[in-house]
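This report covers helix packing, burial and local backbone geometry. Please look over the sequence and structure first.

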Amino acid sequence: MCFYATASFTAGAGLLIIGAITVRRTRTTAELPFALIPAMFGVQQVIEGALWLTFPDKAPLLNVVLTYAYFVFSHVFWPIYVPFAVMLIEGTNWRRKTAMAIAVASDMAGLYLSYALITQPIVARVVGHHITYVSPHFYGVAVMALYLLGTCVSPLFSSHRMARAFGVAASISFVAAYIFFAMWFISV
């Protein structure tokens, strides 16, 4: 949450608690990766909360480390992890194959963004009471489409009601964040 440190830490703590509950409710090991999504998102929010504490110029090296850690989660981890987690919970052959195809496609986005993370500088700044992440990515529309395919669309093909609900919520969140916070979209 790019609003302020307290919001990020509060969201992170809440998501970690929800993640612990969802993990405890798993019935099979195949459900564990999907159940871990709230906890992993909570870790991402805690990282961003800690990043807030490095502004303005309080800890430049820590700022860089936390910026890159945040980007690993937000750009590389999610498009690879979500379709993989969906694929694992599917028992229906065509749904598992669909999730696998989406995983392969969205992995391309994750790998490309991983390459961008290594080769291009990424800077986090506070602009208008929000964290703005500056990173020169190329092929933005294609990469975003693959990213959304993995993170928002793959759960929509699931046979599990809660996975589909997650896909709907992620899609709505994407649209709302883009409409209201386009400049700070990566963080929101």
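Which residues are buried in helix 3?

## Helix 3

This is a predicted model. In helix 3, the buried residues are Ile37, Pro38, Ala39, Gly42, Gln44, Gln45, Ile47, Glu48, Gly49, Leu51 and Trp52. Their cover includes helix 1, helix 2 (32-35), helix 4 and helix 7. Strand 1 (123-127) and strand 2 (130-134) also belong to that cover.

The length of helix 3 fits its residue count. Its 16 residues should span 22 Å at 1.5 Å a residue, and the end C-alpha atoms lie 23 Å apart, so the two values agree.

## Helix 1 against helix 3

Helix 1 (residues 5-24) packs on helix 3 (residues 37-52) at an angle of about 160 degrees. Their axes are 7 Å apart. Angles over 145 degrees count as roughly antiparallel, so helix 1 is roughly antiparallel to helix 3. The crossing of the two is left-handed.

Helix 1 brings Ala5, Ser8, Phe9, Ala11, Gly12, Leu15, Leu16, Ile18, Gly19 and Thr22 to the contact. Helix 3 brings Pro38, Ala39, Phe41, Gly42, Val43, Gln45, Val46, Glu48, Gly49, Ala50 and Trp52. By class, the contact of helix 1 with helix 3 has 13 nonpolar, seven polar and one charged residues. Several helix 3 residues in this contact are also buried, among them Pro38, Gly42 and Trp52.

## The loop between helix 3 and helix 4

Two backbone features fall here. Most residues other than glycine have a negative phi, and most peptide bonds are trans. The peptide bond from Phe55 to Pro56 is cis, with omega near -20 degrees. Pro56 sits in the loop between helix 3 and helix 4.

Asp57 lies in that loop too. Its phi is near 55 degrees, a positive value in a residue other than glycine. Is Asp57 buried or exposed? Its relative accessible area is 69%, so Asp57 is exposed.

## Asn63

Asn63 is placed in helix 4. It counts as buried because its relative accessibility is 11%, and the cut-off for buried is under 20%. Which residues does Asn63 touch, leaving aside its neighbours within four places in sequence? The contacts are Leu51, Thr54, Phe55 and Ala124. Of these, Leu51 is one of the buried residues of helix 3, and Phe55 begins the cis peptide bond to Pro56.

## Helix 4 against helix 5

Helix 4 and helix 5 pack at an angle of about 165 degrees, and their axes are 7 Å apart. Helix 4 is therefore roughly antiparallel to helix 5. Helix 4 passes helix 5 in a left-handed crossing.

From helix 4, the contact takes Tyr68, Phe71, Val72, His75, Val76, Pro79, Ile80, Pro83, Phe84, Val86 and Met87. From helix 5 come Arg96, Ala99, Met100, Ile102, Ala103, Ser106, Asp107, Gly110, Leu113, Ser114 and Leu117. By class, the contact of helix 4 with helix 5 has 16 nonpolar, four polar and two charged residues.

## Helix 6

Helix 6 (residues 140-153) has 14 residues. From first C-alpha to last it reaches 18 Å, close to the 20 Å expected at 1.5 Å a residue.

Its buried residues are Val143, Tyr147, Leu148, Gly150, Thr151 and Cys152. What do the buried residues of helix 6 pack against? Their partners are helix 4 (60-89), helix 5 (93-119) and helix 7 (161-180). Helix 4 and helix 7 also help cover the buried residues of helix 3.

Terms used:
Residues are numbered from 1 along each chain as its sequence is written. This is a predicted model: local features need pLDDT of at least 70, side-chain atom pairs count only at pLDDT 80 or more; totals for chains, interfaces and linings use all residues. Side-chain values use heavy atoms; hydrogens and water are left out. Helices (H or I, at least four residues) and strands (E, at least two) are DSSP runs, numbered from the N terminus. The expected span of a helix is 1.5 Å times one less than its number of residues. Buried means under 20% relative accessible area, exposed over 50%, partly exposed in between (1.4 Å probe, protein chains only). Contact means heavy atoms within 4.5 Å. Axes are lines fitted to C-alpha atoms, for helices over the stretch in contact, and angles run from 0 to 180 degrees between N-to-C directions. Angles under 35 degrees count as roughly parallel, over 145 as roughly antiparallel, 65 to 115 as roughly perpendicular and the rest as oblique. A crossing is left-handed if the near helix is turned anticlockwise from the far one by less than a right angle, and right-handed if clockwise. Ala, Val, Leu, Ile, Met, Phe, Trp, Tyr, Cys and Pro count as nonpolar, Asp, Glu, Lys and Arg as charged, and the others, Gly among them, as polar.
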